[in-house]
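Biologist: Could you walk me through this model and tell me how each label is earned?
Modeller: Gladly; let's look at it together.

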Amino acid sequence: MTKFVVEHLEPSMYKWCIIEYTHMSKRVGKANLMFTNVTAGAAKLKSLGDVRKDSIKDIPLKKACVLDPSAKKLLTPKEAKKFDYFIFGGILGDNPQRFRTKKLITSKLKLPAYNLGDKQMSTDTAVIVCKKIVDGTPLGKLKFAEEYEIEEEPGFYRILPYRYLVEKGKIVFAPNLKDFLSKLKPSV
Ligand SMILES: C[S@@+](CC[C@H](N)C(=O)[O-])C[C@H]1O[C@@H](n2cnc3c(N)ncnc32)[C@H](O)[C@@H]1O
C-alpha cells in the first residue's frame, strides 16, 4: 500500500493548488492520495482523495518519509521500498526558494527525508516523479525540462522556473493550468 500525502500549507485553497491536486489525483489515483491540514476548501478536494483537517504533525503514520528538496539523500527505488507513506508540501513554488518544506514539515516531524534531485519541482510533478521511483524507475532514467514558458498574451511570457517531467517528448503540465495562468494579469 502506497499513499501520497500532501500537507496543504498555502494560506488559502488557491485555484492553482486545486489544479495541481486534480492533476496528481488523476495520475496516482484518488485511493492513493491524502490531503492533510485542509482547513478551508475541503469540499473542492473530496473527489480527489482522502481529505483531513488535521495536520500531518497530528496524524501518526508508520513507515513514512518526507520529500524535501533540501534533504541530503536521494530517493531511490530501493529506499522507497521501506515506506508506505510519502509526505509532500502542498506549497506553490517560490524563486528563490524559501525552504518551507524544511521549516514547516521536515524539521517538525522526526521522519527520514529524501530529495528527488536538487531542482525544485511543482508539487504535482514531485508526486508523479515519486510514484515512478516507487514503481521502480530511478530518477536518472527520467527526462526533465528545467522550466516551463507560457505566452500569457502576445509577446508576454511567464516562465515557471521549476523542473517538469518530460514524457514521450512532451512536458507533463497540469491540464487547465496554462489557461488559468494565461487569464491572470501579467503582474499577478
Ligand atoms: C513547489 S515544491 C516547494 C518547494 C519550496 N520552495 C520549499 O520551500 O520547500 C512543493 C513540494 O514538492 C516536493 N518537491 C518539489 N521538488 C522536490 C525535490 N527536488 N525533492 C524533493 N521534494 C520535492 C516537496 O514535497 C515540496 O514541499
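**Around the ligand**

Modeller: This is a predicted model. The shell around the ligand is made up of 9 nonpolar, 8 polar and 5 charged residues.

Biologist: Which residues come nearest to the ligand?
Modeller: Among the 22 residues around the ligand, the nearest are Leu67, Asp94, Arg100, Thr101 and Lys119.

Biologist: What makes the pair between the ligand and Leu67 a polar contact?
Modeller: A polar backbone atom of Leu67 is 2.6 Å from an oxygen atom of the ligand. The cut-off for a pair of N or O atoms is 3.5 Å, so this pair counts as a polar contact. Gly89 also offers a polar backbone atom, 3.1 Å from a ligand oxygen. For Phe99, a backbone N or O atom lies 2.8 Å from an oxygen atom of the ligand.

Biologist: How much of the ligand does the protein bury?
Modeller: The protein buries 100% of the 570 Å² that the ligand exposes when taken alone.

Biologist: And where does the ligand sit?
Modeller: The ligand sits in the largest cavity. Strand E6 (85-90), helix H4 (100-106), strand E7 (113-115) and helix H5 (123-134) each give two or more residues to the shell around the ligand.

**A look at Pro77**

Biologist: Why is Pro77 called buried?
Modeller: Its relative accessibility is 17%. Buried means under 20%, so Pro77 counts as buried. Pro77 belongs to helix H3 (residues 77-80).

Biologist: How far apart are Pro77 and Lys131?
Modeller: They are 54 residues apart in sequence, and 9.7 Å apart in space from C-alpha to C-alpha.

Terms used: Residues are numbered from 1 along each chain as its sequence is written. This is a predicted model: local features need pLDDT of at least 70, side-chain atom pairs count only at pLDDT 80 or more; totals for chains, interfaces and linings use all residues. Side-chain values use heavy atoms; hydrogens and water are left out. A residue is near a molecule or strand if one of its heavy atoms lies within 4 Å of it. A polar contact is a pair of N or O atoms within 3.5 Å; within protein, one must be able to donate a hydrogen and the other to accept it, and residues adjacent in sequence count only if both atoms are side-chain atoms. Accessible areas come from the Shrake-Rupley method with a 1.4 Å probe; for residues, only the protein chains shown count as cover. On a 1 Å grid over the protein atoms alone, a cavity is a set of points where a 1.4 Å probe fits but cannot get out, and a pocket is an open set with protein on both sides within 12 Å along at least five of seven lines; lining residues have an atom within 4 Å of a point. A molecule sits in a cavity or pocket if more than half of its atoms lie within 2 Å of its grid points. Helices (H or I, at least four residues) and strands (E, at least two) are DSSP runs, numbered from the N terminus. Ala, Val, Leu, Ile, Met, Phe, Trp, Tyr, Cys and Pro count as nonpolar, Asp, Glu, Lys and Arg as charged, and the others, Gly among them, as polar. Buried means under 20% relative accessible area, exposed over 50%, partly exposed in between (1.4 Å probe, protein chains only).
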